[in-house]
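Please take a moment to look over the sequence and the model before reading on. The paragraphs below are meant to be read with both in view.

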Amino acid sequence: MNPFVHKTLVVQLLAPGTGRCPVLAHLGYAADDPFAVTAVFAHDGRVLACWRLDREMLSAGLAGPVGEGDVRLRPQGSGPCHELRLEFLGGSRPDGSRHRAVVLAWAPAVAAFLRETHQVVPPGREQMDVDELLAEILSGAE
């Protein structure tokens with residue numbers, strides 16, 4: 001079985017004043033990092049942003065609102081127009097507000113991607129080498 005899952009989706013970036021702008025979202029999952037999904041957003045061959053998302057949170061966001069920090073997810077719409085709303089909060093602006101990006105993805109496509117990741121590592125079966133993780137964290141602290 002392939003320990004990697006990759007899917008490219010066309011998602012909609014909500015841009016102030018212009019409405020929806022299509023961008024590509026490259027979703028990636030690797031069995032050796034079983035809790036994370038990498039989302040790389042690109043347009044015209046340029047990477048706009050890269051986020052590491054919690055796989056369980058991504059799944060929960062399809063059913064209801066989740067997230068209190070820099071990433072917030074929730075379902076939006078219903079039926080064939082059912083979307084997953086992903087809100088990303090970035091660094092501070094000079095006026096004290098924060099940069100913010102909102103992306104809408106077709107929920108059935110995200111759900112299909114997650115089902116593929118569950119075939120690689122079923123939910124509840126995720127494992128990590130804690131000693132290796134701590135060594136990596138501590139090596140960066142020096």
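What follows is a walk through a few selected places in this model, which is predicted.

A convenient place to begin is with the aromatic rings, since the structure holds two aromatic pairs. In one of them, Phe41 and Phe88 meet edge-to-face, with 5.6 Å from centre to centre and 65 degrees between the planes of the rings. This pair links distant parts of the chain, for Phe41 belongs to strand 3 (residues 36–43) and Phe88 to strand 6 (residues 83–92), and the two are 47 residues apart. Phe41 has a relative accessible area of 7% and is therefore buried, and Phe88, with a relative accessible area of 4%, is buried as well.

The other pair is made by Trp51 and Phe88, whose ring centres are 4.8 Å apart and whose planes stand at 35 degrees, so that this pair counts as tilted. Because Trp51 lies in strand 4 (residues 46–54) and Phe88 in strand 6, the pair ties together parts of the chain that are 37 residues apart in sequence. Trp51, with a relative accessible area of 22%, is partly exposed, because the range for that class begins where buried ends, and buried means under 20%. Taken with the pair described before, these ring pairs link Phe41, Trp51 and Phe88 into a cluster.

From the rings we turn to a glycine. Gly61 is found in helix 1 (residues 55–61), and its relative accessibility of 0% is why Gly61 counts as buried. Leaving aside residues up to four places away in sequence, Gly61 touches Val66, Leu73, Arg74, Pro75 and Leu84. A further relation concerns Ala107, which is 46 residues from Gly61 along the chain, while the C-alpha atoms of these two residues are separated by 9.6 Å.

The last stop is a threonine. Thr117 has its place in helix 2 (residues 107–120), and, having a relative accessible area of 0%, Thr117 is buried. Where does the side chain of Thr117 reach? The side chain of Thr117 reaches the backbone oxygen of Leu114, at 2.7 Å, and this falls inside the limit for a polar contact, because such a contact is a pair of N or O atoms within 3.5 Å. When residues up to four places away in sequence are not counted, Thr117 also touches Val5, Tyr29 and Arg55.

Notes:
Residues are numbered from 1 along each chain as its sequence is written. This is a predicted model: local features need pLDDT of at least 70, side-chain atom pairs count only at pLDDT 80 or more; totals for chains, interfaces and linings use all residues. Side-chain values use heavy atoms; hydrogens and water are left out. Helices (H or I, at least four residues) and strands (E, at least two) are DSSP runs, numbered from the N terminus. Buried means under 20% relative accessible area, exposed over 50%, partly exposed in between (1.4 Å probe, protein chains only). A polar contact is a pair of N or O atoms within 3.5 Å; within protein, one must be able to donate a hydrogen and the other to accept it, and residues adjacent in sequence count only if both atoms are side-chain atoms. Contact means heavy atoms within 4.5 Å. Rings of Phe, Tyr and Trp (its six-membered ring) pair if their centres lie within 6.5 Å; planes under 30 degrees apart count as stacked, over 60 as edge-to-face and the rest as tilted.
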